[in-house]
Amino acid sequence: MSLIELKDIKKTYVMGDILLPVLKGLSLKAEKGEMLALTGVSGSGKSTLMNILGCLDRPTSGEYWLDGAEVSKLDNDARAMVRNRKIGFVFQNFNLLARTSALENVIMPLGYTASHMSEKEMVEAGKAMLERVGLGDRMDHEPSRLSGGQQQRVAIARALVNKPQILFADEPTGNLDSHMSDEILDIFREINANEHVTIILVTHEPDVAHRAKRIIKLVDGEIADDVILEPTR
Amino acid sequence: MRKFRVLKNAVKAICRNPTRTFLTTLGIVIGIAAVIALMEVGAGAQKALQNSVASMGVNTIRVWPGTIVRGGVSTGAGARANLTMTDVEGIMKNCDSVARVSPIVSVRGQIIYGGKNWSPFSINGVSADYLEISGWEIEEGEPINQRQVDRGAKVCLIGATIVRELFDGENPVGKGLRIQNVVFKIIGVLKAKGANMMGMDQDDCVIAPWTSVKARLKGAGSTSVTSASSSTTTTTTSTTTASSTYTEGVSLYPPVSNSNMPPVRFANVDSLVVEAKSQEDLYKAVEEVSASLRETHRLAPDVTDDFNIRTMAEFTNFLTQQTKTTTNLLLCVAFVSLVVGGVGIMNIMLVSVTERTREIGLRMAVGARARDILRQFLIESIVICIFGGIVGILVGHGTSLALSKFMGWPVSLSYSAIALSVGVSALVGVVFGYYPAWKAARLDPIEALRYE
C-alpha cells in the first residue's frame, strides 16, 4: 500500500459567482521513502496540491489516502492531529517564532500532542534534532541572531521533531543563496536516505527540483509530467 | 502537567513584549487598585463612623421612668421615681445581650474652684461602668472605681470644658471642686468628645459616683429638672429630702450596700443607661431589658410599662446606610475603570492576534487545534489580568495605607475586596480575552501562513 494515494482530486474555488477550478481530477501515488519535487509555474496549482497533501486544506472532491486512512473528509481538529503526528512543514520564510530560542522553536510542536513526554524528554528530543541539523552549538540563539540557512535548519529540526513520515517543504530555498540552498538540500537528501522520511519539495526552480528523486510537473491543475530520476530503494 | 505547560507558554509569550504587557496591565492595575482602595477606605470609614457613633451612645439604651397620671393630670415623662438598683441587678442577671448597665442620677448646680464658678450642663452620678458605656476616655488621672461607688466617695471626673473654664492651665487632678458647696476631689479629666448629636457640649460635665451624688447633693433623684416645677404634686417631694444634706457633705444616709438598702424612694435613680453587647444585639437587648424591668416592677401582663426605653438605633442605621451608599457609589466608579481596563486588554489582544497571525498559522500547521489556539490566547489575557490584579491589590492597599497616614482616614484590610478583585480580574480576562482568542482560533491556517 502506498503512503500517499490521491484519487481524482478536484479543488474548485468559488469567487462570487465564478467557479475557479484549480485541481482538475488529479491522481497520484507516492511510496514511503520517496523524495519528490512538485514543480510548475505559478498558478499551476502546486501550492493548492501541497495544502491538500499537507492536510491544511480539503479537496472539493476525490479521495486522499494517507498511510492507509482516508483523510480528505476529516474535520479541522482531526486534520490538526494528522499534521501533528505524520507531517512536518518547512516554509520559504522559515516561520520561526521571534524572540524565542532555537530550542524552544524546535520543541514547540511537541507542546500540542506530546503530553506523554516530560519537559526534560522534550528538551532532549529538541536538542537531538538541532544536533542532527548541525546546530548543536546554537540552541539558545534567537532567530534574529541566526543566518537564513541556520534559520531554515532550525525549521527543519522543528518539522522533524515529531518524527513525521512526510516532510513538506514549500520553496525551502526560495529565500536562500545558492550555497545555503545546497546545504539545505543536502540535509533533505540525508534525512530521506537515513530515516526514510518521504520528502515533498514544492519548487519552481529546476535546479532544486533535480535534486529530488522524482519530479512531478503540474500544468493547469493536471499532472503534465512524472519523471523518476533515481529509483527509491 | 499539560495545563502547567500552557501556562508557561502564556507567560513566555507575555514576556516577549514587556512594554506592551506593562501598558496593558496598567489598565487593570488602576481599576483593581481603585476598587481595593475604595473598599478599604470605605470599610474603614464605616468602622470609624461606628466607633464615633458608639461613643455617642448608639449601642446604648436609655431607660426613663414612666409618667404618673393623677386626677387627670399627667406629670410628663420621667416623673415616676421607680428605677432602682434592683432594676440594675435584674438587668445584669436576666439579659444576655446586655454588656453593662449604669444608673444615672442628675443634679444641677454651681461648681466653684478658687475664685471662679461655673454651671455645668450636667452633673451626673453614675456607676463604675458608665465610662465604658458612654465611651468616655480618661485624659489624665484615674476613672471612678467600684469601691468609690460603694462608699459614696466624694470624687469626681470633669470634662474638658470645665477644665478650660475653671482651671486656666492648671492641672485639675487632685484639686478639690466645690459642687453645691460640697467639696469633691477631682481624680481625673475626661478626654474631649465635642458636641453630641443635638449640638450640646458633652465636655461640659462632671461625673461622680451615683451614691455620692444621690446622698450628698441637693436635688438628686428629683427625677428630672423639669419635673421640679411640678413638685406641687406629691411625687417628688420625698426625694428632695436627700438635698437636706448640709454644707460639709456629712452623709445623711449610710453608703448604699446590698445589706442596707434604703427604701425605694430614697434609692431611686433618674435613669438607666444600658449597653448592648453589639449593635446587632440592640433590639434583642431592648426586649430583654423591658421584660426584666416588668419583672422587677412586678407588673401584671395587662398593665402598661411604667418606664420608657429609648435607643438611637434609627440614627445608627441611617448613618451606616449613608456610608454604605457612598462606598457603593464610589465602587461603581471604580468598576467602570475596571471595565475600561478590560476593554484595553481586548484591544491589545486583538492587535496581538493580528500581529501574530503567522505564528497562529504555523502553530496550526504543526498540529495545534482551534481550541489549543483559543486556550493559548485566553490564558494569556487571564494571566495578564490576574497579574494586573495582584499588582493592583498591592497598589490599592498601599494607596489606602498612604491615605490613612496622610489624611488620617482609618483603613481596614478587606479580604473580601481582595477575593473579589482577583475574581473580577480573572473574569475580565476571560470576558475581554474571549473575543480575540476566538478570532485567532477561527483563522484559516493557509491564509494565516501567507499573511504578511
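Start by selecting Cys55(A), which comes after helix H1 of chain A and has a positive phi, near 60 degrees. Keep in mind that you are looking at a predicted model.

Now step back to the helix itself, residues 46-53 of chain A, and color it. Is H1(A) mostly covered or mostly open? It is mostly covered, since 8 of its 8 residues are buried. You can click through them in turn: Lys46(A), Ser47(A), Thr48(A), Leu49(A), Met50(A), Asn51(A), Ile52(A) and Leu53(A).

**Into the core**

Next, select Leu38(A) and show its neighbors. Leaving out residues up to four places away in sequence, Leu38(A) touches Lys46(A), Leu49(A) and Met50(A), which you have just met in H1(A), among others. Further along chain A, its contacts include Ile200(A), Leu201(A), Val202(A), Ile216(A) and Leu218(A).

Which residues have the most contacts inside the largest nonpolar core? They are Leu38(A) and Leu201(A), and that core has 116 residues. To see where its largest share comes from, select helix H2 of chain B, residues 18-55, which gives 13 residues. Another core, of 56 residues, lies apart from this one; try selecting Cys156(B), Ile186(B), Cys205(B) and Ala276(B), which are among its members.

**A sheet in chain A**

Go back to chain A and display the strands as arrows. You will find an open sheet of 4 strands in the order E2-E1-E4-E5, with antiparallel pairing. The edges are E2(A), residues 18-30, and E5(A), residues 69-70, each of which pairs on one side only. Zoom in on E1(A), residues 4-15: this strand pairs with E2(A) in the antiparallel sense over 10 bridges. For one bridge to look at, select Val14(A), whose partner in E2(A) is Leu19(A).

**Over to chain B**

Now show chain B as a cartoon. How many helices and strands does chain B have? There are 15 helices and 14 strands. Of the 452 residues in chain B, 43% are buried. Among its contacts between residues at least 6 apart in sequence, 81% join residues at least 24 apart.

Pick out helix H7 of chain B, residues 210-216, and find Ala215(B) in it. Why does Ala215(B) count as buried? It does so because 25 other C-beta atoms lie within 10 Å, and 20 or more are enough. Then add Ala267(B) to your selection: Ala215(B) and Ala267(B) are 52 residues apart along the chain, yet their C-alpha atoms are separated by 9.4 Å.

**Where the chains meet**

Color the two chains differently and look at the places where they touch. Here 18 residues of chain B are in contact with 20 residues of chain A. On the chain B side, the elements giving two or more residues are H1(B) (2-15), H12(B) (357-365), H13(B) (370-407) and H15(B) (445-450). Which of these should you select to see the largest share? Choose H12(B), which gives 5 residues. If you color that side of chain B by class, you will see 9 nonpolar, 2 polar and 7 charged residues.

**Last stop: confidence**

Finally, color by pLDDT. Chain B averages 81, and 86% of its residues score at least 70. Select residues 222-252 of chain B, where the pLDDT is below 50; this stretch has 58 contacts in the model beyond near neighbors in sequence. Residues 254-265 of chain B are also below 50, with 17 such contacts. Where pLDDT is low, the predicted coordinates should not be read in detail. The model as a whole scores ipTM 0.92 and pTM 0.68.

Technical notes
Residues are numbered from 1 along each chain as its sequence is written. Chains are lettered from A and ligands numbered from 1 in the order in which they are written. This is a predicted model: local features need pLDDT of at least 70, side-chain atom pairs count only at pLDDT 80 or more; totals for chains, interfaces and linings use all residues. A residue is buried if 20 or more other C-beta atoms lie within 10 Å of its own, exposed if 12 or fewer, and partly exposed in between; C-beta atoms are placed from the backbone. Two residues are in contact if their C-beta atoms, placed from the backbone, lie within 7 Å. Ala, Val, Leu, Ile, Met, Phe, Trp, Tyr, Cys and Pro count as nonpolar, Asp, Glu, Lys and Arg as charged, and the others, Gly among them, as polar. Two strands pair if DSSP finds at least two bridges between them. A nonpolar core is a set of buried Ala, Val, Leu, Ile, Met, Phe, Trp, Tyr and Cys residues joined through C-beta atoms within 7 Å. pLDDT is the predictor's confidence in each residue, from 0 to 100.
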